[in-house]
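Let us look for closed spaces inside a protein and ask how we know what we say about them.

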Amino acid sequence: MSSKSNNQGRAYEFACLNTLNDEIKKLRPVKIEKTDGYAAAERAWNAIGDSMQVVMEESALAAVETLFELEPLITEDGDDEIVLKIQQDFKGEKGDVRDILIVRRNIEWEIGLSIKHNHFAVKHSRLSRNLDFGEKWFGVPCSEKYWEDIKPIFDYLVEEKSKGSSWSELPAKEADVYVPLLAAFMNEVSRSNEKNDTIPRKMVEYLLGEFDFYKVVGIDSKRTTQIQTFNLHGTLNQPSNAEMPKIEIPVASLPSRIVSLEFKPNSTNIIELYMDGGWQFSFRIHSASTKVEPSLKFDVQILGIPAAIMIIECKWQKR
């Protein structure tokens, strides 16, 4: 992700957080917990300019109005204080993709929002010569065969790094790096899946996080904000003492089997994972720098989701 996109993403988190605060305080006590994540988002907000701030405020307001219809525990009359906070980035590395938390501590209730600005990417995980992706992704250490398969690939990259090579200078990076590395990755997933039938479920929990959440995606060009309901464990959409949700959402099932895992047709750096229940992901391997490094990054996108995951289009209104 470019620094501009990253800064706009943080600024959008700030817009959503403060719009939540402004709208909730009309109804009940609320405060913002000013974490390190808040400070980073505020700096990004102050750097984007007035016109983009207006756009993001309109986008955030559309999402908040719909969120109130989904979550009556936010808006019910009460003396207890709602706490809003932006999580730090390291939470995402530990399986929590939620950027903003909405918390009521007196009833031990919270929900989270994953905030995206003009993109739908899921995660940016890495493969490297020492990184045990099996242990990290689904709790099953990679086999000796995997380490044997990737060793010549990363030995080659270490050698090229020592020469100061750029990725563009490699004569056949697809054949020498992308294809064999992705093949090793797919083979290892298949080996683990044969031994452990929880791999499909754990793969999704790794990619999407261990906690239920709403994904909020601001789409500036369409003047809409999309809310996706990842209610995988049934913790979202709870009624309050006085009110049922105005929009009811179902619980979506996690997958139980891998249908296929293979290269995308006519591609040397993208593989596609299809699982039961409608779960589909693509994994694009790429370098994260101009110069060769013995580490590559996945750009993971959702290709398909279960029908139980609702997608709500929220139209903007001018403020």
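Q: What makes α3 the top contributor to the lining of the largest cavity?
A: A count of lining residues settles it. In this predicted model, α3 gives 3 residues, the most for that lining.

Q: Which helices each supply at least two residues of this lining?
A: They are α1 (3–24) and α3 (50–70).

Q: Why are C16, L20, A63, V64, L67, L113 and V216 called lining residues of the largest cavity?
A: A lining residue has an atom within 4 Å of a cavity point. These residues line the largest cavity, so each has such an atom.

Q: How do you know which classes make up this lining?
A: Sort the residues. Ala, Val, Leu and Cys count as nonpolar. The lining holds C16, L20, A63, V64, L67, L113 and V216. Therefore the tally is 7 nonpolar, no polar and no charged residues.

Q: Why does the second largest cavity enter the count of cavities?
A: The count takes cavities of 30 Å³ or more. The second largest cavity has a volume of about 30 Å³. The largest holds about 50 Å³. The count comes to 2 cavities.

Q: What makes 3 residues in the lining of the second largest cavity charged?
A: Glu and Lys count as charged. The lining includes E58, E65 and K315, so these are the 3 charged residues. L61, A62 and W316 also line this cavity; Leu, Ala and Trp count as nonpolar. Q317 is there too, and Gln falls among the polar residues.

Q: Which element gives the most to this second lining?
A: It is α3, with 4 residues.

Conventions:
Residues numbered from 1 in each chain as written. Predicted model: local features only at pLDDT ≥ 70, side-chain atom pairs only at ≥ 80, totals over all residues. Heavy atoms only, no water. 1 Å grid on protein atoms, 1.4 Å probe; cavity = no way out; pocket = protein on both sides within 12 Å on 5 of 7 lines; lining within 4 Å. Points joined across faces, edges and corners; volume = space filled by probe spheres on them.
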